[in-house]
Amino acid sequence: MPAVVIIGTQWGDEGKGKATDQLGERVDYVVRYSGGNNAGHTIVVDGEKYALHLLPSGILNERCVPVLGNGVVIDLDVLFEEIDLLAERGVPAASRLLISANAHLITPYHRVIDKVTERFLGKRKIGTTGRGVGPAYADKVNRIGIRVQDLLDASILRQKVEASLEQKNQMLVKVYNRPAISPEEVSEHLLQYAERVSPLIADVGLVLNDALDRGEVVLFEGAQAHHLDVDFGTYPYVTSSNPIAAGACTGAGVGPTRLNRIIGIAKAYTTRVGEGPFPGELLDETGEALRQAGGEFGTTTGRPRRCGWFDALVVRQAVRVNAVTDLFLTKLDILTGLEKIPVITAYEVDGERTETMPMTQTEIHHATPVYEYLEGWSEPLSAARKLSDLPKAARSYIERVEELTGAPVSGVGVGPGREEVVVIRDLLN
Ligand code: GDP
Ligand code: IMO
Ligand code: MG
C-alpha cells in the first residue's frame, strides 16, 4: 500500500498529526503538500509533547524522510526555528529533510499584509492565523512569488523581491497607512538562509515517484481540512490552498492514479477556529464543557476553538469529494460520561430538510441542525486497543458514524499518546 493521504474531514485540528506520527515507523517518506505554518499538529510521544507547524509529523520517526512539497508555503524563520528546537530535543530533523525547489516562501511582507488586511476587513475578517499564508499564495497565483530555488541565485532573488514589493509598498503606504518595506532588507534576510537551505533542495516529484516505483511507502500529511479548502470549504472563511486529497497530487508531484488510500481524520465531535459558518456550533455551556473536556485551544494561535457535536453532513461531504477509503475517528475518549450523545444527521434550511451540505453560503448560514441522540457510556476508553475493548455503546457510536458518513472507521483515537489507538483495520496494508 505505497501512497497514503491523510486529510482533515472537518475544519482542522482533527488529530492529523497524531495519526501521521502513529503510522510513521512504517513509512519511508512523509510529505506536507499544502499550507504552511498556519497548521498546528500536536504529537505526544512517551508523555512528551511536540507541536509542529511546518515540518511533517513523521519527522519524529527516525526512519522516515520528511518532505516539504511544492504546494507548501515556507517561512524560513519558522522552518529553522522548528528544526533547531527539535535538534535541541534530540530529533535531528534537518539532516534528512527534502524541500521542493518550487515551493514558495512566506516573506516578512506577507506576514505584515496578512495582519493589515485582516484589520482592514474589520467585522468581515477571516480570522486567519496571521502567518502570511494567504498573501504568499496570492503572490504565487499572481506570478510574483518568491520560490525556494530563488535562494540559489542572489541577484534573481533581489530582483524578484523588488518587483513584488513595488506595488505592495504603494498599497501599504497609501491605502493602509503603514511604512514601506525595504526590498534590500527582505532580500538579505532571506539570503541569510541560502547556505542552510541549498543542500535540502530536491526535485521532490522525482524522488517520490522513484520511491513509489521501488514499492516504498509515501504518506502525504494533509494540513487544515476539507471545509477550509479554498474550493470546497466555507468560502471566503477558508485557507488559501487545497488541503483536500487531490492537493497531494498538485502539491507534491504525483499523479492521481498513484494514490492508494485516503484516510479521513474525523474528530468524534466538531471544532472550528476563526470566523465562518458552523451550523452545529454550541454557544452555550455544553460547548464550553466540550472545549474544556477536549482541551480545545488552538495549537498555533492559542485561540479557543468553537465546538459542536459530530456533524455527519460535514464529514459525508468530505468522504465524497476526497474519495475517503477509511475514517480515523479521534478523541472518542472525550465523549465518555455523557448519558446521551447528540449527532447531527440533517439540517433544516428555510423549512426544508436536507441530508447533504447545502450548496450555497446563504443556505449554510440559514441551516439549523437536526439531532439524533445516541447512547452514551461511562467507562474511560484510554486503555482500549482493539474494538472488543470498547464498551458496547462506543462501538454503536462508531457504527452509526460509518452509516451516516458512508466510510468505514478503521482506527479510533482514545487519547493523545502515540499508542492510544484502537486499530480496526490496518491503514497501510
Ligand atoms: P491536527 O491539527 O489535526 O494535527 O490536530 P491538533 O494537534 O491541532 O489537535 C488535536 C489535539 O487532540 C491535540 O492536542 C492532540 O494531542 C489531541 N488528540 C489527538 N487524538 C486524540 C485522541 O484520540 N484523544 C485525545 N484525548 N486527544 C487526542
Ligand atoms: P491544522 O493543520 C484549524 C483557519 C484559520 C482561519 C482560516 C484561514 O492544525 O488543522 P489562514 O491563516 O490559513 O489564512 O487562516 O483557516 N486555519 C485552521 N484552523 N486548523 C488549522 O490547521 C488551520 N489552518 C488555518 O483559523 O479561520
Ligand atoms: Mg491543528
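**Figure 1. Contact between helices α3 and α4.** In this close-up, the residues Y109, H110, I113 and D114 of helix α3 meet V133, P135, A136 and D139 of helix α4, as seen in a model that is predicted. The residues that make up this contact of α3 with α4 divide into five nonpolar, one polar and two charged. Helix α3 spans residues 108–121 and helix α4 spans residues 133–141, and their axes come within 7 Å of each other while crossing at roughly 115°. The crossing of α3 and α4 is right-handed.

**Figure 2. Surroundings of ligand 2.** In this view ligand 2 is surrounded by 20 residues, of which D13, K16, H41, T129 and T239 are the closest. Oxygen atoms of the ligand take part in contacts with both side chains and backbone: a polar side-chain atom of K16 lies 2.7 Å from an oxygen atom of ligand 2, and a polar side-chain atom of N38 lies 2.9 Å from an oxygen atom of ligand 2, whereas for G127 it is a backbone N or O atom that lies 3.4 Å from an oxygen atom of ligand 2. Of the 560 Å² that ligand 2 exposes when taken alone, the protein buries 97%.

**Figure 3. Surroundings of ligand 1.** Here 19 residues surround ligand 1, and the closest are K16, G17, G40, T42 and D333. K16 is thus listed among the closest residues for ligand 1 as well as for ligand 2. An N or O atom in the side chain of R305 is 3.2 Å from an oxygen atom of ligand 1, and a backbone N or O atom of G413 likewise lies 3.2 Å from an oxygen atom of ligand 1. For G415, a polar backbone atom is 3.2 Å from a nitrogen atom of ligand 1. On its own, ligand 1 has 590 Å² of accessible area, and the protein covers 92% of it.

**Figure 4. The cis peptide bond before P236.** The peptide bond that runs from Y235 to P236 is cis, and its omega is near 5°. P236 has its place in the loop between β10, residues 218–221, and α9, residues 247–250. As background for this view, most peptide bonds are trans.

**Figure 5. Backbone of D46 in a loop between two strands.** D46 is found in the loop that joins β3, residues 41–45, and β4, residues 48–52. The phi of D46 is near 50°, which is a positive value in a residue other than glycine. For comparison, most residues other than glycine have a negative phi.

Notes: Residues numbered from 1 in each chain as written. Chains lettered and ligands numbered in written order. Predicted model: local features only at pLDDT ≥ 70, side-chain atom pairs only at ≥ 80, totals over all residues. Heavy atoms only, no water. Axes fitted to C-alpha atoms, helices over the stretch in contact; angles between N-to-C directions. Helix = DSSP H or I, 4+ residues; strand = E, 2+ residues; numbered from the N terminus. Left-handed = near helix turned anticlockwise from the far one by under 90°. Contact = heavy atoms within 4.5 Å. Nonpolar A, V, L, I, M, F, W, Y, C, P; charged D, E, K, R; others polar. Near = heavy atom within 4 Å. Polar contact = N/O pair within 3.5 Å; in protein donor to acceptor, adjacent residues only side chain to side chain. Areas by Shrake-Rupley, 256 points an atom, 1.4 Å probe, with all protein chains shown as cover.
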